[in-house]
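Trainee: Could you walk me through reading surface patches, pockets and cavities in a model like this?
Mentor: Sure, let's have a look together.

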Amino acid sequence: MKPIKPNDMMLQTLARLIILVVLSFSIYLLLAGHNNPGGGFIGGLMTSSAILILYVAFDMKTIKKAIPIDFVKIIGIGLLFASLTGVVSMLFGYPYLKQFFDYFTIPILGEVELTTALPFDLGVYFVVVGSALTIILTIAEDDK
Amino acid sequence: MNNLIILPIVIPFIIGAILILLAKRITAQRILSGITMSFLLTLSIYLAVIVYLHGTIVLEVGNWEAPFGIVIVADLLSTFMLLLSNLVGTICLFFAFQTVAETREKQFFYPLYLFLMIGVNGAFLTGDLFNLFVFFEVMLIASYGLIVHGGTGYQLRESFKYVIINIFASALFIAAIAWIYAITGTMNMAHIAERVAELDQAGALNFVAMLLFVVFASKGALFPLYFWLPRSYFGPPAAIAALFGGLLTKVGIYAIIRTFTLMFNHDIGFTHKELIVTIAGFTMLFGVLGAVSQFDFKRILSYHIISQVGYMVMGLGIFTPLAVAGAIYYIAHHMIVKTALFLFAGVTERITGTTDLKKMGGLLGTHPWLAWFFFITAVSLAGIPPLSGFFSKFPIILSGFEEGQYVIAGVALLVGLLTLFSMIKIFSYAFWGKQKHTKEQASVPVRKLLLPIFPLVALAIILGFAAEPIFTYSLEVAEDIMDPANYIDSVLKE
């Protein structure tokens, strides 16, 4: 029997649009997380779901070419971010993980609250993206 | 200054993360992890000394005041455990350099190893019950990784049971924590201890105490929750089996000692003197009977972990300063000697290619150093006088008789005898008799492998001959933990 070539045009076209929305919302969640619902964990999960939509719509080879990242490494980078954020406060003589924040005025964005909790959240974000995608792709690759 | 006590958790964390990035470079991984573990060992010696000289150190993480924030507490008991665990961790790592296959090393062996150390060190240092759960999980998840590492069929099958029992225990753990939060309204261990003393709630507290006891008993391999241990420790390579055998069950025992001296001391007559002592007796007896029935080097050692965990818990159950000091001394003795014995099992496996005692023989002729080192540690385990095993069993059994717990003291003596029997069994089968390994196997060099084990053998002797200063130290640790006010005052600063 001739293998049927699937025609996923609808899905692929929509996927390009959807991931734009999902990715930007995930970044919003990551940044909002300090004072509002959201944070590194949820943001990370949402980002990895966006990338997964791509994997579902296209095939694994294409996406691997488009995103040539080893997701395991992302976990390492995330862990480094999270742990080093805590160490910074130790350098100033405060207890580990003590957080600092202040308000800055940045052109275009206006007044913004910058916190040291953000790099920590970024670390969590990377760890979640890395581990979620590693787990799912490892299971998916079994089915070759 | 106070930040010093979080370094045993943060340093392996950072280095572990870097090692993930260096996954394919084995030499770099070995060097980095070797330096890290040696540094941790030095640091934990330093911590033990300054805590001994200047008293408990408390760190309020993130500058949130106790009891609202999380505290990291280094008191005598935790620094003592920290020192031992990093000693065992360092030695097993140097042994792993030579024995673990390169294909395994590439599969994140060293990052997992360091993450395991985060969990262990964190569990010893934390002063917060929920945090204890978190560090237990860190340790367990890393240990799941290490126990299936390499992925042979046997390992997969046995570690599945290991994972299931631990997940079940963790679920119970979190339920118990919720319960204790409902009763006392706090998670800080010092604060819980304070509230427990104020509340008149023996019934509810006993229930939670038992729930937590079941959790820690399944991690520490007490009767009747030890069934997973002998088989799952049989699968992984010797360095990992030694690390697990020396370290992991003792984290469970540490948690029992900590919670049952600090928090659940409201009904000692029931929880300690009846329940814990009874369970300790069964643990010792069934562990040693299991060992006697085995004919495999590693399995005998695994069953002996169970019987010896019983001694430690028995010391806690009798609950006099002498008995608790004995239990603490026993932990030190056990971690050192048991790790060494597992590593010896690894060395003989390297030579003969098997751990089945019936297929071994005559190693004394071809590898005399190995044989005599093994002999010293084995008789130390069995409790022959000038060595460490004797001085750890003696105070426990003595205080058993003093307190009128004759049955358990009798059981402990019998178990000591049977331990001697199975150690002699290993020695006579594997080292005496006709040589059963080939000439090529007889010329396998083991000197390099014995090098990392040597400090442990030396310590087993030192712990015996210098028993007095070390026992004085354990007695101080025991008196410190048996008066919860010390811990509470230094954490809550009242």
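**Surface and hollows**

Mentor: Keep in mind that this is a predicted model. Let's begin with one residue: A:Ile108 has a relative accessibility of 90%, so A:Ile108 counts as exposed.

Trainee: Where does A:Ile108 sit in chain A?

Mentor: Look at the loop that links β1 (101–106) to β2 (110–115) in chain A; A:Ile108 is there.

Trainee: Which residues form a nonpolar patch on the surface with A:Ile108?

Mentor: A:Phe104, A:Ile106, A:Leu109 and A:Leu114 join A:Ile108 in that patch. Together the five residues have about 530 Å² of accessible area.

Trainee: Now the hollows. How do I find them?

Mentor: The general idea is that rolling a probe the size of a water molecule over the atoms shows where empty space is left. In this structure, take the second largest pocket, with about 470 Å³ of space. Its lining has 16 residues, and those closest to the centre are B:Phe80, B:Leu83, B:Leu84, B:Ile470 and B:Tyr473.

Trainee: Which helices supply at least two residues each to the lining of that second largest pocket?

Mentor: In chain B, they are α2 (26–54), α3 (76–99), α14 (321–352), α20 (447–465) and α21 (467–482). The largest share is that of α2(B), with five residues.

Trainee: And how do the residues of this lining divide into nonpolar, polar and charged?

Mentor: For the second largest pocket, 16 are nonpolar, with no polar and no charged residues.

Trainee: How many cavities of 30 Å³ or more does the count give?

Mentor: One cavity. The largest cavity has a volume of about 60 Å³, and its lining consists of B:Met139, B:Leu140, B:Tyr162, B:Asn166, B:Lys219, B:Trp228, B:Tyr233 and B:Leu248. Two helices of chain B, α6 (129–147) and α7 (153–184), give two or more residues to that lining.

Trainee: What is the make-up of the largest cavity's lining by class?

Mentor: Here you get six nonpolar residues, one polar and one charged.

Trainee: What lies in the loop between α6 and α7 of chain B?

Mentor: B:Val148 is one residue in that loop.

Trainee: Why does B:Val148 count as partly exposed?

Mentor: The cut-offs are under 20% for buried and over 50% for exposed. B:Val148 has 27% relative accessibility, so B:Val148 is classed as partly exposed.

Trainee: How far apart are B:Val148 and B:Gln294?

Mentor: In sequence, B:Val148 and B:Gln294 are 146 residues apart, and in space they are 24 Å apart from C-alpha to C-alpha.

Conventions. Residues are numbered from 1 along each chain as its sequence is written. Chains are lettered from A and ligands numbered from 1 in the order in which they are written. This is a predicted model: local features need pLDDT of at least 70, side-chain atom pairs count only at pLDDT 80 or more; totals for chains, interfaces and linings use all residues. Side-chain values use heavy atoms; hydrogens and water are left out. Patches are made of residues with over 30% relative accessible area and no salt bridge: like charges are joined within 9 Å, nonpolar side chains (Val, Leu, Ile, Met, Phe, Trp, Tyr) within 5 Å. Accessible areas come from the Shrake-Rupley method with a 1.4 Å probe; for residues, only the protein chains shown count as cover. A salt bridge is a side-chain nitrogen of Lys or Arg within 4 Å of a carboxyl oxygen of Asp or Glu. Helices (H or I, at least four residues) and strands (E, at least two) are DSSP runs, numbered from the N terminus. Buried means under 20% relative accessible area, exposed over 50%, partly exposed in between (1.4 Å probe, protein chains only). On a 1 Å grid over the protein atoms alone, a cavity is a set of points where a 1.4 Å probe fits but cannot get out, and a pocket is an open set with protein on both sides within 12 Å along at least five of seven lines; lining residues have an atom within 4 Å of a point. Grid points are joined across faces, edges and corners, and a volume is the space filled by probe spheres set on the points. Ala, Val, Leu, Ile, Met, Phe, Trp, Tyr, Cys and Pro count as nonpolar, Asp, Glu, Lys and Arg as charged, and the others, Gly among them, as polar.
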